[in-house]
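I opened this entry to record the overall build of the protein and one of its pockets. My notes follow in the order I looked things up.

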Amino acid sequence: MKKLAMVAFGGNALLRGGQKGTYQEQMQNVMDTCLSLSELYKRDYNLVIGHGNGPQVGNVMLQHEAGKKMYNIEAMPMDLCVAETQGSIGYLIELAFRKIFAKENVKKNVVTLVTQVVVDENDPAFAKPTKPVGPYYTKEEADKYSAETGAVFAEDPKGNGWRKVVASPKPISITNIDVVQQLATNGYVAITCGGGGIPVVKTANDLKGVEAVIDKDLASALAAVDMKADEFYILTDVPKVYINFRKPNEQALDVITVAEAKQYMAEGHFTEGSMAPKVRAGIYFVENGGKECVITEAGQLGNSKCGTRIVA
């Protein structure tokens, strides 16, 4: 059987520092990233793609806020904003792959699935939301919106104002993962868990969207485990994981065990806003039956020994 690889696109695969986030910029970035995956599909891997959506979902929330202020159009909730960006980003990735496959005469199809990810409504994260989303407000505006909607706001550490904060609960299950696996094993490139998935909780007979943001690396790791993927790739903006990053004794890591990765985490080498979620996702994958997780820059994939590899 063909090997199955789960690939999580980092934010730089879509939008890079200093860019405005125009359609043209994002399309070119996605093309570059999808081209870098040629080594995998040329080696006849089946591919499943996950991706982030931080800047994009923020822009959608800004658009909703502008519509509310200017035209009294009700702003949409967080789960719907995630759904919007799953569709739009999936569309860009589909376009890129179709152009590349047509040029290289690769016989593969690409499909995006709008994916709901179940979280626990009693997850401790809901009691202490910390993930900033959407526009900045003055203290007076934040207090007003908080009184009207019950939303929680926190002051930006850099002094830019106040932002809404939501929970980042752990993903429990992916609603359509069996369909994703079926598509992938039948030769489709499947795109799923965009932005970590649309956050939902189980009710008595249904699912209900909630105000939350799920970590896309952890959601992708869960997808990789559920599908019994052979390899899990997390694409970021550096070629390897480092300890003592940007210090005189900086050291790139080639192959590390789960135990070593946990030790480095405990020693504080990886920050929560950067490498910690990626290493945590890699640990989860390997601890739950995966062979190895590779954390690297997209352009490095042509090298079979690229990146930092987390192994059992």
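I started with the surface. The accessible surface of the protein comes to about 15,300 Å². Carbon and sulfur atoms account for 51% of that area. The model is a predicted one, so I read every value as computed.

Next I checked burial. Of the 312 residues in the protein, 52% are buried. I used under 20% relative accessible area as the cut-off for buried.

Then I looked at the fold. I found 9 helices and 17 strands in the protein. The radius of gyration is 19 Å, and the globule rule gives 20 Å for 312 residues, so the protein is as compact as a globular protein of that length. I also took the span of the C-alpha trace along its principal axes, which is about 55 × 45 × 45 Å.

I turned to contacts between residues at least 6 apart in sequence. In the protein, 73% of these join residues at least 24 apart.

Last, the second largest pocket. How much space lies in it? I noted about 580 Å³ for the second largest pocket. Its lining has 26 residues, and those closest to the centre are M61, T149, A151, K164 and E211.

Which elements supply at least two residues each to this lining? I listed two helices, α3 (54–71) and α5 (139–149), along with the strands β5 (131–137), β6 (152–155) and β7 (162–166).

I sorted the lining of the second largest pocket by residue class. It holds 17 nonpolar, 4 polar and 5 charged residues.

Note on methods: Residues numbered from 1 in each chain as written. Predicted model: local features only at pLDDT ≥ 70, side-chain atom pairs only at ≥ 80, totals over all residues. Heavy atoms only, no water. 1 Å grid on protein atoms, 1.4 Å probe; cavity = no way out; pocket = protein on both sides within 12 Å on 5 of 7 lines; lining within 4 Å. Points joined across faces, edges and corners; volume = space filled by probe spheres on them. Helix = DSSP H or I, 4+ residues; strand = E, 2+ residues; numbered from the N terminus. Nonpolar A, V, L, I, M, F, W, Y, C, P; charged D, E, K, R; others polar. Rg over C-alpha atoms; globule rule 2.2 N^0.38 Å. Buried < 20%, exposed > 50% of the residue type's maximum accessible area, 1.4 Å probe, protein only. Contact = heavy atoms within 4.5 Å. Areas by Shrake-Rupley, 256 points an atom, 1.4 Å probe, with all protein chains shown as cover.
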